[in-house]
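The following exercises are to be worked through with the sequence and the model at hand. Each task is followed by a solution in steps.

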Amino acid sequence: MGKSGKRINWSQERWRRHLVGPRKFLWPEDTVEKLAAWMGLKAGMSVVDAGCGLGYLGYTYWPYFGKDGRYLGVDMAWELLQDAAAGAKKWAGKGKAFFIAGDVLGLPFPDNFADCVMCQTLLIHQKEPGLVLAEMARVAKPGGLILCKEPDNISSMLAKRCSSLPELDIEVELLLKKATLITNKGRIKLGRGDFGIGRRVPVMMKELGLTDIDARNHDQINLLLPPYDGPIQQHRLETMKLYMGFDRDRKERYYWRKRQKEEFLAGGGDPREFQRCWRIRNKIRRICEKQIEKGEYFHSGAVNIYVVKGRKPK
Ligand SMILES: C[S@@+](CC[C@H](N)C(=O)[O-])C[C@H]1O[C@@H](n2cnc3c(N)ncnc32)[C@H](O)[C@@H]1O
């Protein structure tokens, strides 16, 4: 247990796979272009990516700052850094893209070092996200940009579902939503992060004294419609299967159940209620699997990933 709570090893396959498939069409190309302009990315900038994983922010934004610029990805998962560095040979060519093992609570750079310090889905897993944000700001140059792309999964999970699944009794629906809130409370208590962090990031930046704070949201709706034609529909289908745990064997099911139960109980939940919710969710999953097999399943809902920028005062 370090300063940032119980840490996930993102190079383990059960976690790593979340950084591969779901990243493929995460941000549409035209959105990336708009965001790069909104952030003010320019050729020649030095960019630090805190918790870089497989280098997603690097390969996504390199075309906007990479010419004469520098990308420095930092992560504590050594195996991911090796794969990220191998991938960078393709997207950065002979450009300056570096991967460094380190802790985001003590980034391996001096004060006032980079034009831009960014992260994506990093704060959501942190015990002390405010300390990580402060560390990112320390490394940014005066007037430099701090950018965070962080989800608000709680809002998505609490939203009224629009899908082909059978309507639930309001009591059952509320039970599941309550379990979502209890589980997140427990997750925060255990130092595993806050699944609703996205919407807190602008306020955290304000408390840190950053200026020019502004925020956007992911601009697409997660729409899955049969017959799931084309690469984006196929990608959404695969991502949904991953998140719903369709391909989990006994061992994996045990792992995720244990983890969620720990969080539910830490949030003050009743073990019998956990068991009931688990059974209901399994039943929903089985119906969903059948509907997909028959090509009948659909859903539509907001994505809710906050893109928040701020500047370090000059
Ligand atoms: C959800 S992944 C996101 C990776 C990447 N930013 C992306 O969007 O694909 C979070 C990453 O942060 C890294 N990480 C988490 N806590 C860290 C810490 N204290 N120091 C360094 N890296 C950390 C993990 O190893 C993991 O690669």
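**Exercise 1: The ligand shell**

Among the 20 residues around the ligand, those that come nearest are Gly51, Gly53, Tyr56, Met76 and Gln120. The model in which they are found is a predicted one.

Task. State how many nonpolar, polar and charged residues the shell around the ligand has.

Solution.
- Step 1. Take the residues around the ligand, which number 20.
- Step 2. Sort this shell by class: 11 residues are nonpolar, 6 are polar and 3 are charged.

**Exercise 2: The faces of helix 4**

Task. Determine which residues of helix 4 are buried, which are exposed, and how the buried ones are arranged about the axis.

Solution.
- Step 1. Check the length of the helix. Helix 4 comprises residues 78-91, and its 14 residues should span 20 Å at 1.5 Å a residue; the end C-alpha atoms are 20 Å apart, which agrees.
- Step 2. Identify the buried residues of helix 4, which are Leu80, Leu81, Ala84 and Ala88.
- Step 3. Look down the axis of helix 4. The buried residues fall within an arc of 95 degrees, so they line one face of the helix.
- Step 4. Recall the general rule: an α-helix has 3.6 residues a turn, so residues three or four places apart point the same way.
- Step 5. Turn to the other side of helix 4, where Ala86, Lys89 and Lys90 are exposed.
- Step 6. Find the partners of the buried residues: they pack against helix 3, strand 2 and strand 3 (96-101).
- Step 7. Note what follows helix 4: Gly93 has a positive phi, near 55 degrees.

**Exercise 3: Unusual backbone angles**

Task. Describe the backbone at Asp68, at Asp212 and at the bond from Pro226 to Pro227, and place each in the chain.

Solution.
- Step 1. Begin with Asp68, which is not a glycine and yet has a positive phi of about 60 degrees. Asp68 belongs to the loop between helix 3 (56-65) and strand 2 (70-75). With 11 other C-beta atoms within 10 Å, Asp68 is exposed, because a residue with 12 or fewer is counted so.
- Step 2. Proceed to Asp212, whose phi is also positive, near 50 degrees. Asp212 is part of strand 6, residues 211-217. Asp212 has 13 other C-beta atoms within 10 Å and is partly exposed.
- Step 3. Examine the peptide bond from Pro226 to Pro227, which is cis, with omega near 10 degrees. Pro227 is located in the loop between strand 7 (221-224) and helix 9 (230-244).

**Exercise 4: The surroundings of Pro313**

Task. Is Pro313 buried or exposed, and which residues does it contact beyond its neighbours within four places in sequence?

Solution.
- Step 1. Locate Pro313 in the segment after strand 9 (305-311).
- Step 2. Count its C-beta neighbours inside 10 Å; there are 11, so Pro313 counts as exposed.
- Step 3. Set aside the neighbours within four places in sequence. Pro313 is then in contact with Pro142, Gly209 and Thr211.
- Step 4. Consider Leu107 as well. Pro313 and Leu107 are 206 residues apart along the chain, and 20 Å separate their C-alpha atoms.

**Exercise 5: Two domains**

Task. Give the bounds of the domains and describe their contact.

Solution.
- Step 1. Divide the protein chain into domain 1 (13-152 + 196-221 + 304-311) and domain 2 (160-184 + 226-297).
- Step 2. Compare the centres over C-alpha atoms: those of domain 1 and domain 2 are 29 Å apart.
- Step 3. Count the residues in the contact, 7 from domain 1 and 8 from domain 2.
- Step 4. Classify the side of domain 1 that touches domain 2: 2 residues are nonpolar, 2 are polar and 3 are charged.

Note on methods:
Residues numbered from 1 in each chain as written. Predicted model: local features only at pLDDT ≥ 70, side-chain atom pairs only at ≥ 80, totals over all residues. Helix = DSSP H or I, 4+ residues; strand = E, 2+ residues; numbered from the N terminus. Buried ≥ 20, exposed ≤ 12 C-beta atoms within 10 Å, placed from the backbone. Contact = placed C-beta atoms within 7 Å. Near = placed C-beta within 6 Å. Nonpolar A, V, L, I, M, F, W, Y, C, P; charged D, E, K, R; others polar. Domains from an automatic or database assignment. Expected span 1.5 Å × (residues − 1). Arc of directions from axis to C-beta.
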